[in-house]
Amino acid sequence: MKLRSALTALTLFAAPAAVVLGGATGATATPSNGAAAVAVTKISHATATSMFSASGITWSSSGGCSDRDNSTCTSFTELNLATAQGAQTLKSATGCALDITGGTETGHASGTYSHWNGYKLDYAKSTCVTNHIKNTFTYIGPRGDGALQYQSGSGNIYADEGNHWDVLYHNCGGC
């Protein structure tokens with residue numbers, strides 16, 4: 001437990017460096033459960049797409065656009081750095097083709113840990129990704145809307161929404 005606390009403190013201390021070096025902006029989020037505020041580093045759409053391209057991750061939208069205010073677009077504006085790194089970790093761990101179909105654009109469910117607030121990404125379904133999630137992560141039961149959920153060892157939650165995976169990133173998944 002002491003190691004986890006030390007790593008958490010180190011991560012929070014190191015977050016401003018990412019702001020300076022990565023062209024990101026810093027922000028603080030307070031969880032709705034009243035826990036202590038946690039530093040969250042936000043990144044731009046351009047920074048996210050650069051990270052994804054470097055990792056071989058693709059993205060698509062039904063509207064062929066990236067406007068955050070258009071629900072048919074796929075935007076990464078105001079994405080959490082840890083969320084982008086989580087996608088990179090998933091790609092690296094699975095070796096699967098990974099296509100992001102939803103980011104921070106409007107049109108998703110609201111809430112503290114939402115797409116809009118930079119905590120979630122949607123991935124197109126593939127046999128490779130689905131097999132990895134179901135065979136590697138722990139099944140934790142259905143979400144309120146019935147989507148079956150799997151939790152990674154790092155605590156991130158993968159929800160099967162039928163035609164895509166809705167992933168909630170609390171951290172980068174071991175990056």
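Here is a short dialogue on how to read the sheet, core and disulfides of this structure.

Q: What kind of model is this, and how are residues numbered?
A: It's a predicted model, where local features need pLDDT of at least 70 and side-chain atom pairs count only at pLDDT 80 or more, while totals for chains, interfaces and linings use all residues. Residues are numbered from 1 along each chain as its sequence is written, and side-chain values use heavy atoms, with hydrogens and water left out.

Q: Let's start with the sheet. What is the order of its strands?
A: Strands of a sheet pair through backbone hydrogen bonds, either parallel or antiparallel. Two strands count as paired if DSSP finds at least two bridges between them. Helices (H or I, at least four residues) and strands (E, at least two) are DSSP runs, numbered from the N terminus. Here, 7 strands make an open sheet with mixed pairing, in the order β3-β5-β6-β10-β9-β8-β7. At the edges sit β3 (58-59) and β7 (138-142), each pairing on one side only.

Q: Which helix packs on that sheet?
A: That's α3, which touches β6 and β9, and its direction makes about 30 degrees with that of β6. Such angles run from 0 to 180 degrees between N-to-C directions, with axes as lines fitted to C-alpha atoms, for helices over the stretch in contact.

Q: In what sense do β8 and β9 pair, parallel or antiparallel?
A: Antiparallel: β8 (residues 148-151) and β9 (residues 157-160) share 4 bridges. In one of these strands, β9, you'll find A159, the bridge partner of Q149.

Q: How many residues does the largest nonpolar core have?
A: A nonpolar core is a set of buried Ala, Val, Leu, Ile, Met, Phe, Trp, Tyr and Cys residues joined through side-chain atoms within 4.5 Å. Buried means under 20% relative accessible area, exposed over 50%, and partly exposed in between (1.4 Å probe, protein chains only). The largest core here has 24 residues, and those with the most contacts inside it include F52, L79 and W165. Helix α3 gives the largest share, 4 residues.

Q: What does W165 touch?
A: Contact means heavy atoms within 4.5 Å. Not counting residues up to four places away in sequence, W165 touches a list that includes L121, Y123, V129, I133 and Y158.

Q: And K120: buried or exposed?
A: K120, placed in strand β6, counts as buried because its relative accessibility is 15%. Its side chain makes a polar contact with the side chain of D166 (2.8 Å). A polar contact is a pair of N or O atoms within 3.5 Å; within protein, one must be able to donate a hydrogen and the other to accept it, and residues adjacent in sequence count only if both atoms are side-chain atoms.

Q: How many disulfides are there?
A: A disulfide is a covalent bond between the sulfur atoms of two cysteines. The cut-off used is a pair of cysteine sulfur atoms within 2.5 Å. The whole structure has 3. Numbered in sequence order, the bonded cysteines pair 1-2, 3-4, 5-6.

Q: Which parts does the link of C96 and C128 tie together?
A: The sulfur atoms of C96 and C128 are 1.9 Å apart. C96 lies in the loop between α3 and β5 (99-102) and C128 in helix α4, so the pair ties together parts that are 32 residues apart in sequence. C96 is buried at 2%, whereas C128 is partly exposed at 38%.

Q: Why is the disulfide of C65 and C73 left-handed?
A: Because the torsion about its S-S bond is about -100 degrees.
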